[in-house]
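Please load the model shown below in your viewer and keep the sequence panel open. The tour proceeds by selection, one stop after another.

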Amino acid sequence: MQNRAHALPRLLTLSSNLSAGKPFSKICWRQSRALSVTKIRRPFSSWQGRPRRYSYSHSLGYAHSLHGFRTMSIDSKPVSEDGWQEVPANGDVPAYWFFTRPLEKPEPDDREYRLIRLQNGLVAMVVHDAVADKAAACVDIAVGSLHDPDDVPGLAHFCEHMLSKGSEPFPAENDFLSFITSNGGIRNAGTGGSYQDYWFSIHPSLLSEALPRLAAFFHSPLFTPTLTSREIHAVDSENKRNLQNDGRRIFQLGRSLSKDGHPWKKFGTGNFKSLTEAARRKFEQEGVDWKGEEDSGDGGPVGRETRRRLVEWWKQQYCAGRMSLAVIGKESVDELTALVVPLFSKIENRGFEPRPSLKEEPWGDSEKGTIVFVQTVKDYHSFNITFLLPDQSRNFATQPAQIVAHFVGHEGPGSVCSYLKKKGWLVDISAFPSRRNREVPAFTVEGRLTKEGYLHYQEVVLTIFNYLSLLRDTPSPLPAYHFDEIKKMSSVSYQFREKSQPHTYASTLGYELLEPYPPEWVLSGSTLIREWDENLFRSVLASLLPEKCRIMIMAKHHQPAVIGENPDWQAEKWYGTGYVVRKLDQDFIGNANQPNANGELHLPAPNPYIPEDLSVEKKDISEPAKIPTCVRQTDYSSLWYKKDDQFWVPKAHVKVDIKSPMAYCTARQAVLTRLLTDLLEDDLSEVTYDAELAGLDYAVNNYRGGLLVSVNGYNDKLGALLDTILERLKSLIIKPDRLQVMAEQLDREYRNFYIRQPSLLCDHYTACLLMPIVWMPEDKLIETPFITPEDIERHKTDLLSKVYLEVLVTGNINREHAQRIVESVEHRLDARALTPLERPQVRSLLLPPGSNLVLKREVTDPKELNSSITFYCQFGDIADARLRPVLELIVHTIREPAFSQLRTVEQLGYIVASAFWSSTGSMGLGIKIQSLRSPSYLEHRVEDFLTHFREQLAGFTPEEFESKKAGLVIKLLERTKNLRDETSRFWGHIRSGYYDYLQNEKDAAAVQALTLQIILDAFDRYVHPSSRSRKKLCTHVVSRQLKADTELYEPEAVTFIKDESLFKAALACSPAAVPVHSGFA
């Protein structure tokens, strides 16, 4: 379950991953589509307009179209002028309408679509995918937290929690969860400001059993009274998880500073207080004694009243006319229609406005033209400028706000980004219109600042307004190539859009069905930019004025030079975020409205990377190849290659692993390698931004074994991008001013590393204990002040002087071209070859049999309420082909019961998860919990759960056990959905060192041969608390807010790890990876 804050400032939610390399944000802050306006993944389709308002009976007149309607074999009435045709009732299938006109869809899309409209107003898309190995469905409702009652904030989110906990046909609270997860599927739900969604995926053969369960949530939910108290606390736990999250805090602050009475001011997540305060106040006013029953299942009088308000709200807001449905399955569209219509026609239409939207702006005159100084939890500096926009819902064909964002967020020569980086003030920048215009249409510019940039924030902001003035003052019409490039790349991006995971696609369709596109454009409406409308473009620019904006300046410690002496700090109501609001100075507004006088700012030049050759070399094949082939192998390099034989898009992926033992031998070397890659990306940013706009993507990352260079996208000019990256790597000149900026950011990243979710810290500490050498942030912090440009120059020379290259090429590239790519890489690096013994190898540390270990660490953030544990039982070598399927089946079988018992029943915390832990030479079962309870208590509850689960496992009937096996086999044999997924799967096997490309197929066959007794024997040996040979490690991360005497529980015969280095020194190492498959052709 998720409460989504869609407009969270993206740069504020970044956190480092657990690898030795760059934070995940460094990898993912690249565009997923060519027309993204910044490094943030915010494609053109991320903006959505506010729908027109129609009565429910006409709500699909603008909502969508279908493909495959000609397969209809039943009698239908004549087609109406708007393309809809009525199908009369037939037996158990009520009457409905379907759309008869063709659907605009991407070239590679071989699926068949049908759009239908039920008599109750619900609109549905059914999708026939003949090769699907997963079916999926999603229901969207056009209401969310903005529609909460004023006195019960969070009620929509609470509804999301309660709705899926049982229905009249399926009353068991975990029926849906158990059915989906046991059969190889996943499910979730989310609540945003203007919508809620509920989705699942499952094996295609079980779609007909899953859909009735989903439909029942909406026509006959139970809102089981005995679950009231528990789910109120679940919402509260979810809120407490995010209390120290800067993104959540700043997003809510922005909402809380709206004018009084406006829905945008509401608190969407909710917590215990917000959900129950109205009920408590009611009883206090009535003189009713409500205390004493709060912990009962129904929450006593307060809980019962809160549930009454929930059911009342559900009846006032949920309505079939506000709903959309997307279903993807292997069945024909006729069969899917016959499934959907009877089930979802049962949902009541209550005649409400189909697409409710906000009617007025959230800011009045007092909220506009303001600057807000915000105190952050993590140590960083950033800014955010937000402007309200007129309604953009009808502008989906022209998307003027997105085109403005293209210019403002540009990173090439003449851009705001380029100028501010040269000044040493900016780290990165992004610009984007709001995604959901049924909420608040807005335009945002935001970025991360250096410390100097923070001190010069006024100049930073004025530079942005200078660029906006430049755009406004550019003579009309704007040079045609700007729009021509944007239009072409939107078309190319759409025409060659690949498949995604079915549940992802169902969720996307479900949302798109609520949008106001013409029916023919249901799939393309959010992506294609069809027309240039300069008047609309300039109308957006006219809204981007300083007197109409709100500026936020974020820092952990604000300087008096910026904010003045003794500022009057206030605290936001729900998160406690410190802030100060001031009106913008009139002189500042006057300067910001001046024509641009900065000669270094100018519009982008034509993009040389726009692809020209989009041809696809397609051949008839009997079956796609399952593995890549090693087509070239020398002492210097190896090339793994697979020509695309199933996705048929003009794209390719190239991954170049530059292995060097110099990358990570010491903490200093780790820092030098990281700064080298940061400086390289910084140096490339101007040159490569055009490539990114043209559908090419790249990343240069450091890791323990060396450097990884990745490029992907349209293959036409992919090689040119790779050559550019490698040329810059070899010739990079280290500039002292840029090194200072990169070192400052890296130092801040290391210091912020431990300000994160305790559950993530738990996993980090556990993983570090199981690896021989890990340089922690504190180890690397010691080195950052002593790094000079000359140090990095020498390190680059040493690092690249002797290497081994491992390369993977996939996609629309022939074998000869792939070989030329490797030859070019070798030539450009011009290095000596590492000997086999010099190549970096990975090993794991092995826990001794009978170990019962506990590592305790304290949460760094003094205000973090949550503690966490990671409970790990090590099994053996990941290469053990007999034991590995056993562990996989245990993990698959335990996942739902652990979640249901520890999270749902015992309410230990919002985060409860079981996982298969693997590394080179080791594997095991991991269970993690994040909670307000003490880690020692959590460990005790896990041990108790494992004892009882053994009894549950032993009681499986043959049918139940076979069902569990079948669910796991479904997961193991799941096919990749696109070229990126296939490449990632191959690369995972290459990076592991085992090259076991057929591991999943072999494991699936082994799982089918397992008996229940084999699983019980393994559980008794490796997992059960009574086992004398169990190898257990439990990491405790303890909140400083936790009282020392709370729920103290110390297990018997436990060994506390006092000195990690001494502990690791005493452990044996696993073998290094031995290749399973050479693959040489």
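The stops below begin with model confidence and then pass through individual elements and residues.

**Confidence**

Colour the chain by pLDDT. This is a predicted model, with an average pLDDT of 91 for the protein and a score of at least 70 for 92% of the residues. Next, select residues 4-74, where pLDDT stays under 50. The model has 295 contacts beyond four places in sequence for this stretch. Where pLDDT is low, predicted coordinates should not be read in detail.

**The largest nonpolar core**

Select Val654, Ile658 and Ile792. Among the 60 residues of the largest nonpolar core, these three touch the most other members. Helix H19 (residues 667-693) is the element that gives the most to this core, contributing eight residues. Now centre the view on Ile658 and display its surroundings. Leaving out residues up to four places away in sequence, Ile658 touches Gly705, Gly706, Leu707, Val709, Leu729, Leu800, Val803, Tyr804, Leu805 and Leu829. Another core lies apart from this one; it has 58 residues, including Ala124, Ala215, Met323 and Leu336.

**Helix H20**

Select residues 718-731, which form helix H20. From first C-alpha to last, its 14 residues reach 20 Å, close to the 20 Å expected at 1.5 Å a residue. Which residues of H20 are buried? They are Leu718, Leu721, Leu722, Thr724, Ile725, Leu726 and Leu729. Show their side chains together with the packing partners: strands E19 (651-659), E20 (696-703) and E21 (706-714), and helices H19, H24 (789-801) and H25 (815-829).

**Strands E12 and E13**

Select residues 426-433, strand E12. Eight of its eight residues are buried, so the rest of the structure largely encloses this strand. Add strand E13 (residues 442-449), which runs antiparallel to E12 and is joined to it by seven bridges. Within this pair, Asp428 of E12 stands opposite Arg448 in E13.

**The loop between H13 and H14**

Move to the loop that separates helix H13 (457-473) from helix H14 (480-495), and select Pro479 there. Is Pro479 buried or partly exposed? Its relative accessibility is 35%, so Pro479 counts as partly exposed. Pro477 is found in this loop between H13 and H14 as well. Display the backbone from Ser476 to Pro477: the peptide bond there is cis, with omega near 0°. For a long view, draw a distance from the C-alpha atom of Pro479 to that of Ser900; the separation is 60 Å, for two residues 421 places apart along the chain.

**His892**

Select His892 in helix H26 (residues 883-905). With a relative accessibility of 6%, His892 counts as buried. A polar atom of its side chain lies 3.3 Å from the backbone oxygen of Lys964. Beyond neighbours within four places in sequence, His892 is in contact with Thr181, Ser182, Gly184, Lys964, Gly967, Leu968 and Lys971.

**Two positive phi values**

Finally, select Gln399 and Gln907. Gln399, in the loop between strand E11 (381-388) and helix H10 (400-408), has phi near 45°, a positive value in a residue other than glycine. At 2% relative accessibility, Gln399 is classed as buried. Gln907 occupies the loop between H26 and strand E27 (911-919), and its phi, near 55°, is likewise positive in a residue other than glycine. Gln907 has 23% relative accessibility and therefore counts as partly exposed.

Conventions. Residues are numbered from 1 along each chain as its sequence is written. This is a predicted model: local features need pLDDT of at least 70, side-chain atom pairs count only at pLDDT 80 or more; totals for chains, interfaces and linings use all residues. Side-chain values use heavy atoms; hydrogens and water are left out. Buried means under 20% relative accessible area, exposed over 50%, partly exposed in between (1.4 Å probe, protein chains only). Helices (H or I, at least four residues) and strands (E, at least two) are DSSP runs, numbered from the N terminus. Two strands pair if DSSP finds at least two bridges between them. pLDDT is the predictor's confidence in each residue, from 0 to 100. Contact means heavy atoms within 4.5 Å. A nonpolar core is a set of buried Ala, Val, Leu, Ile, Met, Phe, Trp, Tyr and Cys residues joined through side-chain atoms within 4.5 Å. The expected span of a helix is 1.5 Å times one less than its number of residues. A polar contact is a pair of N or O atoms within 3.5 Å; within protein, one must be able to donate a hydrogen and the other to accept it, and residues adjacent in sequence count only if both atoms are side-chain atoms.
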